[in-house]
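Visitor: Hi, I've just opened this one. Can you show me around?

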Amino acid sequence: MAADDVIKAHVAALKSGTEKARSVAQMLLDVPYGDGEGEKLDVYVPNSSSPDVPLVIYIHGGYWQFLSKEESGFMAVPLVQKGVVVVAVGYSIAPKGNMDLMVAQVRRSVVSVIQQYSHISGLYLCGHSAGAHLAAMVLSTDWSEYSVMPQIKGAFLVSGIYDLLPILSTYVNEPLKMTEEVALRNSPSRLVPQLKASSSACEIVIAVGQNDSPEFRKQSDDYFKSLETAGLKVTLEDIPNTDHFNIIEQLVDENYHLTQVRSVETI
């Protein structure tokens, strides 16, 4: 299958899952977390009204240049049935947004969620591909610059990119226009001390597909080893019979291994 066809199939799968989520959950759509055009959240709320609920923030992938929150509600299908709130984050993808802006936006989205939803029994992050990179940057935030200190209990980093230097010379960087300086300051692999300072209590799951590309597998393995060496709570999940795309698409299925790993963590 050609690359364009693979991506089209991926987008179709995420859209289908999101449509299903919108049929089974209560929703609050386009909730602003900032003044920017793309700074909005979609919130998927369980029908049960528990006073304190776990909440998962999902940051979508798309190489920082495609996809949106509109295709990012799919994981709510199994989770809202278990009483978990799911928040899909929108951010300004390239070329409209640059890397510094996207990182700042997802950090502010987390702050906004905490301020808007006070009855959270546990806060969790999940990101895929570029979204896993952005989630790792959230974990590596110096929160002294913000009005809150998020207590993130768990993070699920799926097929992520944690060192941006290797993509500088690739087509992925064409709309991003990252310099080496920008790539260095936005590479989670170089911010492990800050992650330890900000998120030492967070249980981190780094997941990678068995059939992911060698570079994605290497990045996940290297980042896992860096966090493990730093003494952080981290596990590496090598998911059999998955590639870069269906590893996240299958989170719509409550019987999928990674869904069960996440459900155990959040409930």
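Guide: Let's agree on one word to begin with: two residues are in contact when they have heavy atoms within 4.5 Å. This is a predicted model, where local features need pLDDT of at least 70 and side-chain atom pairs count only at pLDDT 80 or more, while totals for chains, interfaces and linings use all residues. Numbering runs from 1 along each chain as its sequence is written, and side-chain values use heavy atoms, leaving out hydrogens and water.

Visitor: OK, so which residues is His-244 in contact with, skipping neighbours within four places in sequence?

Guide: Tyr-63, His-128, Ser-129, Ser-159, Asp-212 and Phe-216. With Asp-212 there's also a side-chain polar contact of 2.9 Å (N or O atoms within 3.5 Å, one able to donate a hydrogen and the other to accept it; residues adjacent in sequence count only if both atoms are side-chain atoms).

Visitor: And where does His-244 sit?

Guide: In the loop between β8 (234–239) and α9 (246–249). Helices (H or I, at least four residues) and strands (E, at least two) are DSSP runs, numbered from the N terminus.

Visitor: Why does His-244 count as buried or exposed?

Guide: His-244 is buried because its relative accessible area is 7%. Buried means under 20%, exposed over 50%, partly exposed in between, with a 1.4 Å probe and protein chains only.

Visitor: Switching topic: which residues touch the most others in the largest nonpolar core?

Guide: Ile-57, Trp-64, Leu-157 and Ile-204, out of 59 residues. Helix α4 (residues 130–139) gives the most to this core, eight residues. A second core lies apart from it, with 25 residues, including Val-86, Cys-126, Ala-207 and Ile-248. A core here is a set of buried Ala, Val, Leu, Ile, Met, Phe, Trp, Tyr and Cys residues joined through side-chain atoms within 4.5 Å.

Visitor: What is Ile-57 in contact with, again leaving aside neighbours within four places?

Guide: Val-87, Val-89, Val-110, Val-113, Leu-123, Tyr-124, Leu-125 and Cys-126.

Visitor: What lines the largest pocket?

Guide: Among others, Tyr-63, Trp-64, Tyr-171, Glu-215 and Phe-216 line the largest pocket. A pocket is an open set of points on a 1 Å grid over the protein atoms alone, where a 1.4 Å probe fits, with protein on both sides within 12 Å along at least five of seven lines; lining residues have an atom within 4 Å of a point.

Visitor: And which element gives the largest share of the second largest pocket's lining?

Guide: α7, with three residues. Both β6 (152–158) and α7 (192–199) supply at least two, and the lining includes Trp-143, Lys-153 and Cys-202.
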